[in-house]
Amino acid sequence: MTGGPPTAPPLASIQGAIEFIFSPQSSNVTGGKKVGGIDQVIELTVNQIELSVLALLLSLLVALPIGLYLGHKGVGELFATAIANAGRAVPELALIAFMAAAIGVGVLNLTIALAVLGIPPILANTFVGIHQVDRASVDAGRGIGMSEFEILRKVEIPLAIPTIFTGIRGAAIAIVATATIAPLAGVLTLGDFIINQNVYGDSGVLAGAILVSLLALAFEFSLAGLQRLLTSQGLRLKSA
Amino acid sequence: MINPGLFAAVGEVGKGFIQERDSSSLPCQATDKLFCFDWAKENIDRYGTPTVQHLELVVFSVLIGFVFAFALALLAHRRRWLRTPLLAVTGVLFTIPSIAFFFLLLPITGRGRDTAIIALAVYTLQIIYRNTMTGLANVPESVKDAARGVGMTDRQILWRVELRLATPEIFAGLQIATVSTVAIATLAVFAGGGGLGKPLYEHINFGTNIILSGGIAILMAIAFGVLLFVTQRLLTPWRRAEAS
């Protein structure tokens with residue numbers, strides 16, 4: 001069976017990888033057509049960002065309302081924990097392959113598959129974050145005449161922001177990482193450089209690994225920055 | 001052994017034609033059915049070696065990760081100024097996708113199981129480190145004072161009081177790390193590390209194979225989760241006393 005991963009020992013160098021990123025290289029299998037280079041790098045990066053952002057948004061759309069509702073009502077603790085545990089146990093490679101086999105390839109199906117990975121951490125952390133808000137703060141809100149929705153929006157969510165963001169960041173890490181194997185389901189992302197070693201060569205593989213790592217870190221730092229912006233001044237002082 | 005990939009290919013090309021004529025005589029794996037029970041029953045032994053390999057990947061990487069993370073946590077417990085930098089470094093390492101990490105390591109450690117184990121171990125550092133630190137931080141000051149009062153040295157307090165009380169958090173970290181590693185270890189195939197990702201990737205379009213490989217991985221994750229939960233309960237009898 002030839003479908004297996006490449007087995008030749010690669011001797012890629014950082015220099016080769018950098019050359020691959022900035023200028024197209026010749027390939028053994030494309031019949032003279034050059035691969036790599038900044039244009040292809042940008043195209044695949046944009047694809048991976050698009051796919052990841054879509055999946056993260058879908059995860060938020062599903063997980064946030066459920067987490068907020070359950071956390072506010074204080075019900076479904078077992079459900080939230082079970083979802084979080086189940087989410088961690090899902091093997092990414094099997095999930096992508098299964099979705100491709102069961103519902104087909106393409107951006108939409110892959111977005112759903114990736115959201116399956118993103119929903120559990122967001123839901124569980126939102127639940128825990130809202131649920132663990134000091135009852136005294138909630139009662140104080142109720143005492144000054146806030147509606148339930150106002151309590152959620154003005155008291156509980158601001159206090160739960162750090163915990164909620166831990167979940168969102170966990171989801172983003174899982175989604176960006178798994179978007180790397182999206183080429184297996186027909187969406188070309190930076191992972192194509194990694195998976196198709198026979199096309200891109202060892203320099204391409206290393207370049208792909210570097211680019212994917214940088215992209216993941218970029219997501220992490222952007223979300224950390226967003227979290228800082230959304231965290232209330234009082235909480236920031238407390239944690240400092 | 002009949003090659004299911006080949007059958008899948010035949011099925012795709014001439015599916016309509018063959019099925020129209022005599023769909024009942026066609027083996028299940030040549031159709032696009034999602035799961036073929038007979039094929040699974042006949043071929044389940046193919047997954048033995050990959051399962052054992054997978055188990056080894058998980059056990060070795062979590063053990064190595066635990067030793068390092070635990071040592072780092074103890075170090076940071078002693079020297080407060082190390083806490084934030086260590087959290088940041090393990091955080092960055094945690095952020096880098098495992099599949100990328102395999103290939104960043106390739107020029108240094110080459111292709112194979114060792115590379116996979118290193119990358120997977122690195123992935124567990126942050127989870128175990130953070131949970132151990134949380135556990136140690138949650139030990140009440142009064143308990144430590146009491147221990148000091150009965151004449152315990154700092155070292156005795158750490159090993160006999162603080163770490164014991166931190167056991168639930170440490171185990172929670174170990175559990176999260178292990179369950180995640182079982183799932184992520186399916187990607188070790190890209191680093192030539194074997195495991196359940198190998199059969200999965202070899203016939204990645206064959207539904208029965210996907211469900212079997214993925215299913216075994218999920219069962220393994222659940223088994224580890226339960227095992228660690230039970231161990232934690234056995235190690236912290238006072239918790240059960242509190243709860244009842």
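Helices here are DSSP runs of at least four residues and strands are runs of at least two, numbered from the N terminus. With that in hand, let's walk through this predicted model.

**Stop 1: chain A on its own.** Select chain A and show it as a cartoon. You will find 10 helices and zero strands, so the pattern along the sequence, by that definition, reads α-α-α-α-α-α-α-α-α-α. Its C-alpha atoms fill a box of roughly 75 × 40 × 25 Å along the principal axes. Of the 240 residues in chain A, 46% count as buried. Among its contacts with a separation of 6 or more, 75% join residues 24 or more positions apart.

**Stop 2: a helix pair in chain A.** Now select residues 38-73 of chain A, helix α2, together with residues 148-179 of chain A, helix α7. These two pack at an angle of about 145°, with their axes 9 Å apart, and the crossing of α2(A) and α7(A) is right-handed. Turn on side chains to see who makes the contact: α2(A) contributes residues including Leu51(A), Ala55(A), Leu56(A) and His72(A), while α7(A) offers Leu152(A), Glu156(A), Ile175(A) and Val176(A), among others. By class, this contact of α2(A) with α7(A) has 10 nonpolar, four polar and one charged residues.

**Stop 3: where chain B meets chain A.** Bring chain B into view. Here 43 residues of chain B are in contact with 36 residues of chain A. On the chain B side, try colouring α4 (83-95), α5 (98-109), α9 (167-184), α10 (197-202) and α11 (207-235), the elements that each give two or more residues. Which element of chain B gives the most to this side? That is α11(B), with 10 residues. By class, the chain B side has 27 nonpolar, 14 polar and two charged residues.

Technical notes. Residues numbered from 1 in each chain as written. Chains lettered and ligands numbered in written order. Predicted model: local features only at pLDDT ≥ 70, side-chain atom pairs only at ≥ 80, totals over all residues. Contact = placed C-beta atoms within 7 Å. Nonpolar A, V, L, I, M, F, W, Y, C, P; charged D, E, K, R; others polar. Axes fitted to C-alpha atoms, helices over the stretch in contact; angles between N-to-C directions. Left-handed = near helix turned anticlockwise from the far one by under 90°. Buried ≥ 20, exposed ≤ 12 C-beta atoms within 10 Å, placed from the backbone.
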